[in-house]
Structure formats: structure tokens, C-alpha cells
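Student: I should like to examine one position of this protein closely and then see how it relates to the surrounding structure. Please proceed step by step, giving the numerical basis where there is one.

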Amino acid sequence: MVYLLDANVLITAQNLYYPVDAVPEFWEWLVHMGNEGNIKMPIETLEEVKDGSNDAERDLLFAWIQDDANKAAILFDQDCAGR
């Protein structure tokens, strides 16, 4: 079973509970779970996270989501058309 994450999962984690620079283990776990196929994010949701900022130096979540390995791990890349 694949669980789809909403943008708020990442945004709230970064802003309130698990900042990327303070709790890297959470973000590593997300990548691991994504690589295992347990969690994913549709491209539209991923883009919603990226819409919050475009400054990788100041916004650690934006920088995290821009990383190719992180993005590949959590991106839901299956076609859902016609369902």
C-alpha cells in the first residue's frame, strides 16, 4: 500500500516539529520510505511545496525538495489518468 502525502506534511514538519537542519533523521526516513514505495507525493503536491519559496539558501525545505535524490524518492510518478 502506498500512502500519498499532502504538502502540509512537509511544510508543518519543517516549520514546527522536524526542521531539516535540526532533525535530519526524519527527512532521511522520508527518503527511505519513498524509496521503499511506502510514501509518495503527486507532482502537483510537490509543486505546491516548491511554490512557498524559491530561495534554497534561506528555505531548507525548498532546498530539500530540489535535491534530485529526495525528489525521486517521494515523487509519485504513476499515471492516474482515467481512474
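Where in the protein is Gln78 found?

Tutor: The model is a predicted one. In it, Gln78 is found in the segment after strand S3, which spans residues 75-76. Gln78 counts as exposed because its relative accessibility is 53%, and the threshold for that class is over 50%. Although 36 residues separate Gln78 from Pro42 along the chain, their C-alpha atoms are 8.7 Å apart.

Pro42 leads back to strand S2, which covers residues 39-42 and also holds Lys40. Lys40 is buried yet takes part in no salt bridge. The nearest side chain of opposite charge belongs to Asp77, and it is 6.1 Å away. A salt bridge requires the two groups to be within 4 Å, so the separation of 6.1 Å between Lys40 and Asp77 does not qualify. The side chain of Lys40 nevertheless has a polar atom 2.7 Å from the backbone oxygen of Ala73. Setting aside residues up to four places away in sequence, Lys40 touches a group that includes Val2, Tyr3, Leu4 and Leu5. Gly34 is also among the residues touched by Lys40, as is the run Ala72, Ala73, Ile74, Leu75 and Phe76. Leu75 and Phe76 carry the numbers of strand S3, after which Gln78 is found.

Ala73 also has a counterpart in helix H2, which runs over residues 24-35. Asn35 lies in this helix, and its C-alpha atom is 4.9 Å from that of Ala73, although 38 residues separate the two along the chain. Asn35 counts as exposed because its relative accessibility is 56%.

Trp27, also placed in helix H2, counts as buried because its relative accessibility is 2%. Beyond neighbours within four places in sequence, Trp27 is in contact with Leu10, Ala13, Gln14, Tyr18, Pro19, Val20, Leu61 and Trp64. For Ala13, the C-alpha separation from Trp27 is 9.4 Å, with their positions 14 residues apart along the chain.

Gln14, one of the contacts of Trp27, is found in helix H1. The relative accessibility of Gln14 is 14%, and therefore this residue counts as buried. With neighbours within four places left aside, Gln14 is in contact with Pro19, Val20, Trp27, Leu60 and Leu61. Pro19, Val20 and Leu61 thus appear in the contact lists of Gln14 and Trp27 alike.

Two further residues of helix H1 may be set beside Gln14. Asn8 is found in helix H1 and is partly exposed, with a relative accessible area of 45%. Asn8 and Thr45 are 37 residues apart in sequence, while their C-alpha atoms are 9.2 Å apart in space. Tyr17 also lies in helix H1, which spans residues 7-17. Tyr17 counts as exposed because its relative accessibility is 54%. Together with Leu16 and Tyr18, Tyr17 makes a nonpolar surface patch of about 360 Å².

Thr45, the partner of Asn8 in the distance given above, falls within the numbering of helix H3, residues 43-50. Lys50 and Glu47 both lie in that helix, three residues apart, or about one turn. Their side chains meet in a salt bridge with an N to O distance of 3.6 Å. The count for the protein comes to one salt bridge. Lys50 is buried because its relative accessible area is 19%, and the limit for that class is under 20%. Glu47 counts as partly exposed, since its relative accessibility is 30%. Lys40 and Lys50 may therefore be contrasted: Lys40 is buried without a salt bridge, whereas Lys50 is buried and has a salt bridge to Glu47.

The overall architecture places these details in context. The protein contains five helices and three strands, and from the N terminus its elements run β-α-α-β-α-α-α-β. Among contacts with a separation of 6 or more, 66% are between residues 24 or more positions apart. Buried residues account for 36% of the 83 residues. The accessible surface is about 5,500 Å², and carbon and sulfur atoms contribute 48% of that area.

To return to the starting point, Gln78 is an exposed residue in the segment that follows strand S3, with its C-alpha atom 8.7 Å from that of Pro42.

Definitions and conventions: Residues are numbered from 1 along each chain as its sequence is written. This is a predicted model: local features need pLDDT of at least 70, side-chain atom pairs count only at pLDDT 80 or more; totals for chains, interfaces and linings use all residues. Side-chain values use heavy atoms; hydrogens and water are left out. Helices (H or I, at least four residues) and strands (E, at least two) are DSSP runs, numbered from the N terminus. Buried means under 20% relative accessible area, exposed over 50%, partly exposed in between (1.4 Å probe, protein chains only). Lys and Arg count as positive and Asp and Glu as negative; His and the chain ends are not counted. A polar contact is a pair of N or O atoms within 3.5 Å; within protein, one must be able to donate a hydrogen and the other to accept it, and residues adjacent in sequence count only if both atoms are side-chain atoms. Contact means heavy atoms within 4.5 Å. Patches are made of residues with over 30% relative accessible area and no salt bridge: like charges are joined within 9 Å, nonpolar side chains (Val, Leu, Ile, Met, Phe, Trp, Tyr) within 5 Å. Accessible areas come from the Shrake-Rupley method with a 1.4 Å probe; for residues, only the protein chains shown count as cover.
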